[in-house]
Amino acid sequence: MLLLRLLARPMLASTYVIQGYQTFRNPEPLVPAAEPVVQPIARRVPGLPQETEQLVKLSGGVQLVAGSLLSIGRLPRLSALAIAATLVPTTLAGHRFWEAEDEQTRTQERIQFLKNLSMLGGLLIAGADTHGKPSLAWQGRHAAHQARREAALRARTARRTHKISSRLPVG
């Protein structure tokens, strides 16, 4: 499984490193397509820049950095989820196949939309991958379960000890 991760992560990340770099360096061509998707997000999420060009550039930067980290195995879960978060608005802005006029364009945009959907699935799997180790949530549940079992065992032992000691003659 280690070899699989060593090969798969850079393969998954490669698109985002290259596209993220290009988007970060030259966001202007993407701004018109991004406008209808980005502005509602910018209005709802405090702290984000209000200018579409800045948000497109930010998305490219996130993809570049997170893709680079994912490819070298640093913070892979966080990196995969960060890319996934940028991929949703990118896909909705860039591949609106339902609005295409002619069939050929509609088909091409649908293919790209579905490709991105598939990549999103891969990123979500990578974001949930714990390297075969239990997640923090599982560890917390397991520790709580063990603590309850231990407390019940101690209570049972205390009751039995008290019951036995109450039968012993005093004196």
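Contact here means heavy atoms within 4.5 Å. All views show a predicted model.

**Figure 1. Surroundings of T52 in helix α3.** Leaving aside residues up to four places away in sequence, T52 touches V31, A34, E35, V38 and Q39. With Q39 there is also a polar contact, made between the side chains of T52 and Q39 at 2.7 Å. T52 counts as buried because its relative accessibility is 5%, under the 20% limit.

**Figure 2. Helix α3 and its buried residues.** Helix α3 comprises residues 52–72, 21 residues in total. From its first C-alpha to its last the helix reaches 30 Å, close to the 30 Å expected at 1.5 Å a residue. The buried positions of α3 are T52, L55, V56, S59, G60, G61, Q63, A66, G67 and L70. An α-helix has 3.6 residues a turn, so residues three or four places apart point the same way. The buried residues of α3 pack against four helices, namely α1 (2–25), α2 (31–44), α4 and α5. After α3 comes G73, with a positive phi near 80°.

**Figure 3. K57 and the ring of F24.** K57 lies over the face of F24. The distance from the ring centre is 5.2 Å.

**Figure 4. The aromatic cluster of F97, W98 and F113.** A pair of aromatic rings is described by the distance of the centres and the angle of the planes. Three aromatic pairs are counted in the model. In one of them, F97 and W98, the ring centres are 5.1 Å apart and the planes stand at 80°; this angle is over 60 degrees, so the pair is edge-to-face. W98 also pairs with F113, again edge-to-face, at 5.9 Å centre to centre and with 85° between the planes. F97, W98 and F113 thus belong to one aromatic cluster.

**Figure 5. Placement of the W98 and F113 pair along the chain.** This pair links distant parts of the chain, its members being 15 residues apart. W98 lies in the loop between α4 (76–94) and α5 (103–128), whereas F113 lies in helix α5. The two residues are also described by their accessibility. W98 has a relative accessible area of 41% and is therefore partly exposed, a class that runs between the limits of 20% and 50%. F113, at 17%, is buried, because buried means under 20% relative accessible area.

Notes
Residues numbered from 1 in each chain as written. Predicted model: local features only at pLDDT ≥ 70, side-chain atom pairs only at ≥ 80, totals over all residues. Heavy atoms only, no water. Phe/Tyr/Trp six-rings, centres within 6.5 Å; stacked < 30°, edge-to-face > 60°. Buried < 20%, exposed > 50% of the residue type's maximum accessible area, 1.4 Å probe, protein only. Helix = DSSP H or I, 4+ residues; strand = E, 2+ residues; numbered from the N terminus. Lys NZ or Arg CZ within 6 Å of the ring centre and 35° of its normal. Expected span 1.5 Å × (residues − 1). Polar contact = N/O pair within 3.5 Å; in protein donor to acceptor, adjacent residues only side chain to side chain.
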